[in-house]
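This report describes a structure for a reader who has not seen it before. The sequence and the model come first, and the description follows.

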Amino acid sequence: MQGQSVVHSAVIFGLNPLWLSTGILIFTYAVLLSEKVNRTVIALLGACLVIVSGVINQDMAISGIDFNTIGLLTGMMIIVSILRTTGIFEYIAVWSAKKVKADPRGVLIIFSLVTAIFSAFLDNLTSVLLVVPIALMIAEKLAVSPYPFLVSQIIASNIGGTATLIGDPPNILIGSAARLTFMDFLINMGPAVAIILVVVILVFHLIWGRSLVATDERRARIMRFRESESIQDPHRLKVSLTMLILVILGFIFGEHYGVRPGTVAMLGAVLLLWLVSLGKGEAGQTAQLTEALEEVEWGALLFFMGLFVVVKGVEHAGLLNILGGELVSATGGDPTKTALTMLWLSAVLSAVVDNIPFVATMIPLVQSMQASMGGAEVLEPVWWSLAFGACLGGNGSLIGAAANVMVVGLGERAGHTISFMRFALIGVPIMLLTVFIAHIYVYMRYFM
Amino acid sequence: MDCGTVMAPVKTQLYAEDPAGQAIDFMCDKHMGLVPVVDHKNTFVGMISGDRLMHLMLPGSLMAMQGKKRVSYLNESREEFQERLDALRARPLGELVDRINLNVVKKNTPLSDALMLISEKQFVVPVVDDDDKLLGAISFFTILHWIKKGY
């Protein structure tokens with residue numbers, strides 16, 4: 001909506017829409033940061049305020065919602081909700097632990113890899129939700145500290161999620177807004193993520209390798225696990241795994257035919273719902289649908305919608321154009337400086353604020369810089385820098401990403417607490433190290 | 001009708017400092033599935049039940065699993081169960097009792113309130129005074145017994 005005229009007359013009490021929308025954005029962020037009010041409630045409240053105050057009207061608010069992102073998230077949530085009931089994730093986790101002969105150091109490494117791969121193709125929350133309980137089970141059986149497993153799971157999920165379009169919500173937002181495809185993400189982010197993962201696993205080994213020792217008798221307990229018994233429904237597994245693969249292929253090839261990821265994910269979800277309901281009566285089909293829909297995080301989807309509207313308000317009022325111009329003038333319009341500033345800025349801010357609202361706000365800001373920087377092609381490294389920073393910055397603190405909070409919760413349920421400071425002692429250096437690697441990668445790949 | 005009229009007195013032998021092993025033996029001997037736990041001043045501390053003890057005997061990491069817990073892959077040996085039972089037996093009852101989801105009533109609480117609690121899957125409803133001293137308990141069987149006696 002760049003260049004759209006600002007409708008001053010409709011704004012409540014004749015207030016300046018720029019100040020009003022900025023005030024609403026700051027208010028929304030401040031309450032989100034305070035964690036005193038549910039994040040969905042506050043995002044929707046901010047959205048309503050933007051409309052009621054007259055900064056934008058309802059039609060403009062709806063046009064600000066990125067339904068490609070909403071469709072992609074909803075579709076993937078439905079697919080994963082069906083896939084997770086098959087027991088395949090438990091199977092892979094137990095199988096991989098046995099492949100390293102239940103050596104705790106090997107389990108730490110292999111689980112980091114498994115979670116990183118899961119996180120690249122599923123959402124981070126699902127990945128940690130499925131792998132962390134098994135990691136805790138194995139730590140308990142081996143009588144070793146669960147702490148390295150919990151921390152490594154957080155870090156691996158954030159790194160793995162960086163690699164693909166669907167790996168982390170910031171990437172979905174960026175991909176949708178900048179029209180970057182699944183393959184664009186994989187080609188541009190994948191190599192750096194692979195390097196980062198190898199380095200971080202080496203760091204894990206250096207930090208915890210010596211302390212993770214288990215007796216042969218303890219390891220035998222893991223080797224007795226029967227992973228094949230975790231598969232609950234082989235038919236459902238085949239169908240849902242095939243559908244997941246087809247959806248990923250759809251992400252890769254769909255863009256060539258004008259089919260965007262949101263449509264691919266929703267098509268895959270409804271086809272899967274249909275296929276797993278085949279042969280069931282009406283009641284059975286309704287029960288299947290209800291079960292799948294219960295797993296969809298409606299609160300998260302509404303949170304996204306609310307944020308889109310709040311950001312639309314500041315975008316329409318011209319704030320993001322002003323900030324974009326300031327950023328360009330601060331970096332002198334130099335693409336290298338702009339990209340690397342974006343990388344570090346987004347990493348540091350994503351460590352302290354939720355990276356989803358941050359990226360939702362940054363997207364129109366980056367878009368506003370396009371003309372002054374010389375076009376979409378010049379801007380592409382800035383998008384990758386934003387994605388690297390937002391995803392890797394999540395490792396900087398326990399509140400840096402939703403998956404971090406989820407792992408803390410899972411640990412507490414099993415009686416293991418991770419303190420904010422104890423995590424920061426590992427998380428902050430690893431965040432700095434990984435962002436530094438991304439810095440070198442972005443510089444060498446796009447500016448040398 | 002109030003709860004004080006219907007409640008049955010509880011002569012508990014289980015105290016918060018007692019090891020869980022004592023509760024396990026007591027429940028096995030008396031064939032009881034649910035027993036109140038008090039301190040030495042007879043202040044109600046909570047209930048200990050068979051399903052609570054079974055829950056505590058599971059691997060702690062299972063508590064991290066959300067939704068349906070599918071653990072058929074575990075294939076545990078008798079020794080592993082024995083280890084966890086031995087560890088559980090040594091823990092004091094006070095830290096094991098369930099008080100979070102447990103409702104208590106007073107003597108003057110209308111009986112219908114206790115009936116509602118029992119119908120909502122709370123098998124036994126403890127009756128306490130204003131100082132939380134345990135006075136008695138009401139269960140489905142207490143009510144049947146009271147109706148049968150006709151007073």
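What percentage of the 448 residues in chain A is buried? Buried residues make up 52% of them, where buried means 20 or more other C-beta atoms within 10 Å of a residue's own, exposed means 12 or fewer, partly exposed means in between, and C-beta atoms are placed from the backbone.

The model is predicted: local features need pLDDT of at least 70, side-chain atom pairs count only at pLDDT 80 or more, and totals for chains, interfaces and linings use all residues. Residues are numbered from 1 along each chain as its sequence is written, while chains are lettered from A and ligands numbered from 1 in the order in which they are written.

**Chain A overall**

Chain A has 22 helices and 0 strands; helices (H or I, at least four residues) and strands (E, at least two) are DSSP runs, numbered from the N terminus. Its C-alpha atoms fill a box of roughly 75 × 55 × 45 Å along the principal axes. The radius of gyration of chain A is 23 Å, which agrees with the value near 22 Å for a compact globule of 448 residues. That radius is taken over C-alpha atoms, and the globule rule is 2.2 Å times the number of residues to the power 0.38. Of the contacts in chain A between residues at least 6 apart in sequence, 80% join residues at least 24 apart. Two residues are in contact if their C-beta atoms, placed from the backbone, lie within 7 Å.

**Where the chains meet**

In the contact between the chains, 21 residues of chain A touch 13 residues of chain B. On the chain A side, α5 (88-99), α7 (124-142) and α21 (402-413) each supply at least two residues. The most comes from α7(A), with 6 residues.

Within chain A, α7(A) also meets helix α11 (residues 216-223): A:Ile138, A:Lys141 and A:Leu142 are in contact with A:Arg218, A:Arg219, A:Arg221 and A:Ile222.

**Helix α16 of chain A**

Helix α16 (residues 319-330) of chain A has 12 residues, and its end C-alpha atoms are 16 Å apart, which agrees with the 16 Å expected at 1.5 Å a residue. The expected span is 1.5 Å times one less than the number of residues. In α16(A), A:Leu319, A:Leu320, A:Gly324 and A:Leu327 are buried. They cover an arc of only 125° around the axis, so they are on the same side of α16(A); the arc is that of the directions from the helix axis to the C-beta atoms. The buried residues pack against α1 (17-34), α15 (298-317), α17 (335-352) and α18 (355-368) of chain A. A:Glu326 and A:Ser329 are exposed on the other side of α16(A). After the helix comes A:Gly332, with a positive phi near 65°.

**Positive phi outside glycine**

Most residues other than glycine have a negative phi. The table lists two residues with a positive value.

| Residue | Phi | Loop between |
|---|---|---|
| A:Arg179 | about 55° | α9 (169-178) and α10 (182-208) of chain A |
| B:Asp132 | near 70° | β3 (124-128) and β4 (134-139) of chain B |

A:Arg179 is exposed, because 11 other C-beta atoms lie within 10 Å. B:Asp132 counts as partly exposed, with 15 C-beta neighbours inside 10 Å.
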